[in-house]
Amino acid sequence: MANFDSQRRRLLLIGGAAAGLSLLPGSALASLSTSRPRVLTLNNLHTGETLKTEFFNGKSYDKDELARLNHFFRDYRANQVKHIDPHLFDQLYRLQMVLNTRKPVQLISGYRTLATNNMLRESGPGVAKHSYHTKGQAMDFHIEGISLSNVRKAALSMRAGGVGYYPRSNFVHIDTGPARHWS
């Protein structure tokens with residue numbers, strides 16, 4: 001009888017895992033399961049910088065490329081660099097796979113110092129007091145040639161973190177915090 005319960009438990013676990021994986025979009029699932037290089041092309045709309053980087057070589061993160069990304073995502077107002085959560089770059093890469101695009105990502109905001117975040121909070125609504133931007137875990141962006149609503153839908157389908165939708169300001173926010181969304 002104990003053997004039957006053990007087998008049943010194992011079967012339920014396998015079935016639950018298979019059901020959970022089936023909810024992922026096909027291209028996102030493929031990007032999770034294959035060991036291939038991950039490349040991003042980005043434009044920083046405030047600094048005019050462009051960056052093309054292979055931040056993951058198929059087996060591990062490239063520390064030099066992550067450092068380049070950290071600098072690219074810096075708080076340009078304070079010229080301060082912070083370690084950016086590499087999972088944010090993974091999330092962005094998977095988002096491009098779901099959208100089936102290699103078009104450049106237009107970065108509007110990456111890391112923010114507390115001073116910058118507070119200044120933005122005072123100048124208008126929509127900036128969180130405890131923003132994931134100040135932790136190096138968030139970005140605001142749009143993707144050249146892809147409708148903002150499609151970027152939002154794709155980000156929501158991944159259930160990978162926070163997704164904010166700001167059509168009036170022409171950007172989507174993603175972060176590596178808990179899965180949630182707002183407009």
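**Figure 1. The whole protein, with 43% of its 183 residues counted as buried.** The model shown here is predicted. The protein holds 6 helices and 7 strands. Read from the N terminus, its elements follow the order α-α-β-β-α-α-β-α-β-α-β-β-β. The accessible surface amounts to about 10,200 Å². Carbon and sulfur atoms make up 54% of that surface. Now take the contacts with a sequence separation of 6 or more: 55% of them link residues 24 or more positions apart.

**Figure 2. Strand S1, residues 38–44, is mostly covered.** Look along the strand residue by residue. Of the 7 residues in S1, 6 are buried. In a regular strand, side chains alternate between the two faces of the sheet. S1 pairs with strand S2 and is also joined to strand S3. The next two views take these partners in turn.

**Figure 3. Strands S1 and S2 form a hairpin.** S2 covers residues 50–56. The two strands pair in the antiparallel sense, over 6 bridges. One pair to find is Val39 and its bridge partner in S2, Glu54. Between the strands lie 5 residues. Gly48 sits in this turn. The phi angle of Gly48 is positive, at about 80 degrees.

**Figure 4. Strands S1 and S3 run parallel.** S3 spans residues 105–109. It is joined to S1 by 3 bridges. To place the two strands, find Asn43, which stands opposite Gln106 in S3. S1 thus has an antiparallel pairing with S2 and a parallel one with S3.

**Figure 5. Ser131 lies in a loop between a helix and a strand.** The helix before the loop is H5, residues 114–123. The strand after the loop is S4, residues 138–143. Is Ser131 buried or exposed? Its relative accessibility is 6%. The cut-off for buried is under 20%, so Ser131 counts as buried.

**Figure 6. Ser131 and its surroundings include Arg112 and Asn117.** Ser131 touches both residues, leaving aside those up to four places away in sequence. What lies 3.0 Å from a polar atom of the Ser131 side chain? It is the backbone nitrogen of His133. Asp175 gives a further landmark. Along the sequence, Ser131 and Asp175 are 44 residues apart. In space, their C-alpha atoms are 9.6 Å apart.

Notes
Residues numbered from 1 in each chain as written. Predicted model: local features only at pLDDT ≥ 70, side-chain atom pairs only at ≥ 80, totals over all residues. Heavy atoms only, no water. Helix = DSSP H or I, 4+ residues; strand = E, 2+ residues; numbered from the N terminus. Buried < 20%, exposed > 50% of the residue type's maximum accessible area, 1.4 Å probe, protein only. Contact = heavy atoms within 4.5 Å. Polar contact = N/O pair within 3.5 Å; in protein donor to acceptor, adjacent residues only side chain to side chain. Pairing = 2+ DSSP bridges. Areas by Shrake-Rupley, 256 points an atom, 1.4 Å probe, with all protein chains shown as cover.
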